[in-house]
Amino acid sequence: MHWNYYPSSRTVDVAFQKENTTDSSWIAWAINPTSKGMVGSQAFVAVPTSYGTFKAYTSPITSYVTLLQHGNLSFPVHNVSAIYTDGHKIIFASFQLPSNVTLVNHVWQEGFAWDDGTLKAHFLSGPNLRSFGTLDFISGNVSETGVKVNSSNTTLKDVTS
């Protein structure tokens, strides 16, 4: 997880990376500005296409039975893109945080796509049920299911160079 936070505009540039992925897997990273967990999350999704490329889009999560449909998020989004190279999938996004919000709950997932391009649900066990935490864009503190995993943010240059 890498980001740049711009306090004057409340804008965040983020890069979320998932390693050891397969050609047919989708990934998602989301923030939930109002509560913990999946429901209410505002997701950035990256999926494989039938052309061998990788596309990214936004999807609000309104229930546990989501198909990750395209949709607008509850805050302004400026850019969303994704790349897949050497088993690494990376979602890039720029968005504006809601007023007075710099500490957010975040969730992430990986799943697989059917041959027709529809997305299968992620597994409902193991790491898939522990893929959430908090992220503070000002202090740089990131926690994963209550365990502190990083105490400083890094610039996007670390990801893209």
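**Entry 1: the start of the chain**

I looked up His2 and found that it stands opposite Ala15 in S2. I noted that the model is predicted. I then went through the pairing of S1 and S2, which is antiparallel and runs over five bridges. For orientation I wrote down that S1 covers 2-6 and that S2 covers residues 11-18.

**Entry 2: the sheet around S7**

I traced the sheet outward and found four strands in the order S1-S2-S7-S6; the sheet is open and its pairing is antiparallel. I marked S1 and S6 as the edge strands, each with a single partner strand, so one side of each has no neighbour in the sheet. I looked up the angle as well: neighbouring strands here are turned by 10° against each other on average, direction ignored.

Next I checked the partners of S7. S2 pairs with S7 in the antiparallel sense over eight bridges, and within S2 I found Val14 opposite Ala93 of S7. On the other side, strand S6 (residues 77-85) is joined to S7 by eight bridges, again antiparallel. Val77 has Phe95 in S7 as its bridge partner. I saw that S6 and S7 make a hairpin with two residues between them, and that Asp86 in the turn has a positive phi of about 50°.

How many residues of S7 are buried? I counted through residues 88-96 and got seven of nine, so I entered the strand as mostly covered.

**Entry 3: a second hairpin**

I moved on to S4 and strand S5 (residues 54-60), which pair in the antiparallel sense over seven bridges. Gln42 stands opposite Pro60 in S5. S4 and S5 also form a hairpin, with five residues between them. In that turn I noted Gly52, whose phi is positive at about 85°.

**Entry 4: the cores**

I listed the largest nonpolar core, which has 24 residues. Those with the most contacts inside it are Trp3, Val12, Trp29, Phe44, Phe95, Leu97 and Phe137. S1, S2, S3, S4, S7 and S8 each supply at least two residues of this core. A second, separate core has eleven residues, including Ala30, Tyr57, Leu68 and Val107.

I then looked at Trp29 by itself, leaving aside its neighbours within four places in sequence. Among the residues in contact with Trp29 are Met1, Val14, Phe16, Gln42, Phe44, Ile91, Phe95, Val107, Trp108 and Leu135.

**Entry 5: Asn32**

Where does Asn32 lie? I placed Asn32 in strand S3 (residues 25-32). Why does Asn32 count as buried? Its relative accessibility is 0%, and buried means under 20%. Not counting residues up to four places away in sequence, Asn32 touches Gly37, Met38, Val39, Gly40, Ser41 and Asn105.

**Entry 6: the whole chain**

Last, I noted the totals. The protein chain has one helix and eleven strands, and along the sequence the helix comes after the strands, as the pattern β-β-β-β-β-β-β-β-β-β-β-α shows. Of the 161 residues, 42% are buried. Among contacts with a separation of 6 or more, residues 24 or more positions apart account for 54%. The chain exposes about 8800 Å², and carbon and sulfur atoms supply 53% of that area.

How values were computed
Residues are numbered from 1 along each chain as its sequence is written. This is a predicted model: local features need pLDDT of at least 70, side-chain atom pairs count only at pLDDT 80 or more; totals for chains, interfaces and linings use all residues. Side-chain values use heavy atoms; hydrogens and water are left out. Buried means under 20% relative accessible area, exposed over 50%, partly exposed in between (1.4 Å probe, protein chains only). Contact means heavy atoms within 4.5 Å. Accessible areas come from the Shrake-Rupley method with a 1.4 Å probe; for residues, only the protein chains shown count as cover. Two strands pair if DSSP finds at least two bridges between them. A nonpolar core is a set of buried Ala, Val, Leu, Ile, Met, Phe, Trp, Tyr and Cys residues joined through side-chain atoms within 4.5 Å. Axes are lines fitted to C-alpha atoms, for helices over the stretch in contact, and angles run from 0 to 180 degrees between N-to-C directions.
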